[in-house]
Amino acid sequence: MGSDNPTGADNQQETALQRVSLDPMWIVGFVDGEGCFSVAVHKSAFMHQHGGWQIQPAFHVYQHRDHRDVLDELRLFFGCGSVRPKGPKSDVMTFSVESPKDLRTWILPFFEEHMLLVKANDFRSFAVIVNAMSRREHL
């Protein structure tokens, strides 16, 4: 028996959000307000060859879970990273790129071409560290 509800593509707007094409300058403004370029330095038992310290650069963009779709679009735009809760009980979601290779391949070139305003100095310092790590200067 068939259903009275259409199952074709014409009915898809009810179940799927429409994809948007993010403008690079919109991304710059959004990251200036909601983003973070960070470098964590912490003790690690696994880094005994390097004095016991580990350096972890990360790019984050935060948003309330009600607007997770924006973070998902950023992940699709950059083609890397992940979207997850900021903490176990948090209503805040984060789009994160922590892979040094992805940072060098996608994040650094984007923000070198599309300059930030508010976080320009943070980005420049972050880029210096990520690039130095790729040359293994941190070891």
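Is Asp 91 buried, partly exposed or exposed? Asp 91 turns out to be partly exposed, because its relative accessible area is 36%, and the cut-offs put buried under 20%, exposed over 50% and partly exposed in between, with a 1.4 Å probe and protein chains only. The structure here is a predicted model, so local features need a pLDDT of at least 70 and side-chain atom pairs count only at pLDDT 80 or more, while totals for chains, interfaces and linings use all residues. Residues are numbered from 1 along each chain as its sequence is written, and side-chain values use heavy atoms, with hydrogens and water left out.

Now for the overall layout. The protein contains four helices and four strands, where helices (H or I, at least four residues) and strands (E, at least two) are DSSP runs numbered from the N terminus. Along the sequence they come in the order α-β-β-α-β-β-α-α. Of the 139 residues, 31% count as buried. The accessible surface adds up to about 9,300 Å², and 52% of that belongs to carbon and sulfur atoms; such areas come from the Shrake-Rupley method with a 1.4 Å probe, and for residues only the protein chains shown count as cover. Contacts (heavy atoms within 4.5 Å) often span a good stretch of chain: among those between residues at least 6 apart in sequence, 56% join residues at least 24 apart.

Next comes the inside. A nonpolar core is a set of buried Ala, Val, Leu, Ile, Met, Phe, Trp, Tyr and Cys residues joined through side-chain atoms within 4.5 Å. The largest one has 26 residues, and Phe 37, Phe 59, Leu 74, Phe 78, Phe 95 and Phe 111 have the most contacts inside it. Two or more residues each come from α1 (24-34), β2, α2 (68-78), β4 (92-97), α3 (100-113) and α4 (120-134). Helix α3 gives the most to this core, with five residues. Leaving out residues up to four places away in sequence, Phe 78 touches Ile 27, Phe 95, Trp 106, Ile 107, Phe 110 and Phe 111.

Helix α1 has its own hidden side. Ile 27, Val 28, Phe 30, Val 31 and Asp 32 are buried there, and what covers the buried residues of α1 includes β1 (35-43), β2, α2 and α3. Where α1 starts, a side-chain oxygen of Asp 23 comes to within 2.9 Å of the backbone nitrogen of Met 25.

Strand β4 is home to Thr 94, which is buried because its relative accessible area is just 4%. Its neighbours, not counting residues up to four places away in sequence, are His 60, Val 61, Tyr 62, Leu 71, Ser 82, Val 83, Arg 84, Pro 85 and Lys 86. The side chain of Thr 94 also makes a polar contact with the side chain of Ser 96, at 3.3 Å. A polar contact is a pair of N or O atoms within 3.5 Å; within protein, one must be able to donate a hydrogen and the other to accept it, and residues adjacent in sequence count only if both atoms are side-chain atoms.

What about charges? A search of the whole structure turns up three salt bridges, each being a side-chain nitrogen of Lys or Arg within 4 Å of a carboxyl oxygen of Asp or Glu. Asp 91, from the opening question, pairs with Arg 65, and their closest N and O atoms are 3.5 Å apart. This pair links distant parts of the chain, 26 residues apart: Asp 91 sits in the loop between β3 (82-85) and β4, and Arg 65 in the loop between β2 and α2. Arg 84 and Glu 98 meet in another salt bridge, at 2.8 Å from N to O. Here too distant parts are linked, with Arg 84 in strand β3 and Glu 98 in the loop between β4 and α3, 14 residues apart. Arg 84 counts as partly exposed because its relative accessibility is 33%. Asp 72 and Arg 68 form a salt bridge as well, with closest N and O atoms 3.2 Å apart. Both of these lie in helix α2, four residues apart, or about one turn of the helix.

Finally, the surface has a nonpolar patch made of Val 39, Val 41, Trp 53 and Ile 129, with about 330 Å² of accessible area together. Patches are made of residues with over 30% relative accessible area and no salt bridge; like charges are joined within 9 Å, and nonpolar side chains (Val, Leu, Ile, Met, Phe, Trp, Tyr) within 5 Å. Trp 53 belongs to strand β2 (residues 53-64) and is partly exposed, because its relative accessible area is 44%.
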